[in-house]
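Me: I've got a structure open here and I'd like to go through it with you. I'll keep asking what the labels rest on.

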Amino acid sequence: MNATAAVAAAVVPAAGRGERLGPGAPKALRELGGVPLLVHAVRALARSRAVGLVVVAAPAAGVAEVVALLDSHGLDGKDIRVVAGGETRQESVRLGLAAIPAEVEIVLVHDAARPLVPVEVVDAVAAAVRAGAEAVVPAVPLADTVKRVEPNPGGPEPVLDTPDRATLRAVQTPQGFRRATLAEVHAKALTEEAEGGLPPVTDDAGLVERFGGRVVVVPGHEEAFKVTRPLDLVLAEAVLARRRASDGF
């Protein structure tokens with residue numbers, strides 16, 4: 001792998017609305033410590049020397065707004081591009097991937113709603129792909145016991161079994177891929193959708209698994225949690241305040 005190919009590009013799908021945070025601005029534009037979640041997420045990627053390009057897939061009607069937003073927060077020193085995203089996360093990743101130069105062989109995909117991922121997690125994911133893995137996810141062990149149930153919304157749900165917690169992991173982002181692998185599984189998924197096949201998966205590693213690829217796990221970090229609900233935002237504010245007090249983050 002030559003030097004250019006070994007530098008990763010990152011795609012940040014940020015076109016969703018994030019309704020679980022309530023009405024208002026799209027989730028990626030909600031503020032954390034006075035700064036939008038999206039800006040925090042792009043900064044986290046840009047801090048990694050393994051990442052040379054960040055592509056943000058913005059709401060189709062908000063590309064200019066996102067460009068101005070990123071420019072106003074002084075995100076200099078890295079190549080940052082904004083493209084129109086799609087109706088689904090899967091489509092936004094595919095559109096972001098199309099904006100990455102062909103010579104880039106490592107691609108990371110990162111949730112805009114994970115604003116506080118430490119740079120060492122970004123580095124570890126990129127390094128694992130560089131070392132030969134085709135798909136890599138950061139993950140943490142589960143603290144809670146998990147029950148598999150028969151869904152019954154609004155009523156009691158019968159328990160089917162209790163998986164062994166030692167074999168389970170909560171997956172985070174950025175997820176890392178060989179560019180060829182990611183492009184191939186997205187192309188296959190697009191064909192499936194056109195033929196009325198399986199619905200979109202919730203993460204890109206799931207696509208690799210669906211089509212028979214091998215995914216490996218590297219250690220994630222407790223601060224790389226996803227900001228989905230109002231309580232998550234409260235926790236993120238506390239983490240950010242601690243960081244700022246300790247190291248001027």
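Me: What do the buried residues of α4 pack against?
Reply: They pack against β1, β4, β5 (79–84), β6, α6 and α7. Those labels come from DSSP runs, numbered from the N terminus: helices are H or I over at least four residues, strands are E over at least two. Keep in mind that this is a predicted model, where local features need pLDDT of at least 70, side-chain atom pairs count only at pLDDT 80 or more, and totals for chains, interfaces and linings use all residues. Residues are numbered from 1 along each chain as its sequence is written, and side-chain values use heavy atoms, with hydrogens and water left out.

Me: Which residues of α4 are the buried ones, and how do you know that they line one face?
Reply: The buried residues are Gln90, Ser92, Val93, Gly96 and Leu97. Buried means under 20% relative accessible area, exposed means over 50%, and partly exposed is in between (1.4 Å probe, protein chains only). Looking down the axis of α4, these residues fall within an arc of 160°, so they line one face of the helix. The arc is taken from the directions from the helix axis to the C-beta atoms.

Me: Why is the pair Asp111 and Arg89 called a salt bridge?
Reply: The term asks for a side-chain nitrogen of Lys or Arg within 4 Å of a carboxyl oxygen of Asp or Glu. The side chains of Asp111 and Arg89 meet at 3.1 Å, N to O, so the pair fits that cut-off. Asp111 lies in the loop between β6 and α5 and Arg89 in helix α4 (residues 89–98), so the bridge ties together parts that are 22 residues apart in sequence.

Me: What makes Asp111 buried and Arg89 partly exposed?
Reply: Asp111 has a relative accessible area of 9%, so it counts as buried. Arg89 is at 25%, so it counts as partly exposed.

Me: Which salt bridge does Arg89 form with helix α7?
Reply: Arg89 meets the side chain of Asp204 at 2.8 Å, N to O. Arg89 lies in helix α4 and Asp204 in helix α7, so this pair ties together parts that are 115 residues apart in sequence. Asp204 is at 2% relative accessibility, so it counts as buried.

Me: What makes this a network?
Reply: Asp111 also forms a salt bridge with Arg114, with the closest N and O atoms 3.2 Å apart. Arg114, at 9% relative accessibility, counts as buried. Salt bridges that share partners join Arg89, Asp111, Arg114 and Asp204 into one network. A search of the whole structure finds 11 salt bridges.

Me: How do you know that His110 is buried, and what does its side chain make a polar contact with?
Reply: His110 has a relative accessible area of 0%, so it is buried. It is found in the loop between β6 and α5. Its side chain makes a polar contact with the side chain of Thr173 at 2.7 Å. That term means a pair of N or O atoms within 3.5 Å; within protein, one must be able to donate a hydrogen and the other to accept it, and residues adjacent in sequence count only if both atoms are side-chain atoms.

Me: What makes you say that both faces of β6 are covered?
Reply: Ile106 and Leu108 on one side and Val107 and Val109 on the other are all buried. In general, side chains in a regular strand alternate between the two faces of the sheet.

Me: Which strands does β6 pair with, and in which sense?
Reply: β1 and β6 pair in the parallel sense over three bridges, while β6 and strand β11 (residues 175–178) pair in the antiparallel sense over four bridges. Two strands pair if DSSP finds at least two bridges between them, so three and four bridges both qualify. Val11 has Val109 as its bridge partner in β6, and Val107 has Phe177 in β11.

Me: What makes a set of residues a nonpolar core, and how many residues has the largest one?
Reply: A core is a set of buried Ala, Val, Leu, Ile, Met, Phe, Trp, Tyr and Cys residues joined through side-chain atoms within 4.5 Å. The largest has 36 residues, and those with the most contacts inside it are Leu38, Val56, Leu70 and Leu108.

Technical notes
Contact = heavy atoms within 4.5 Å.
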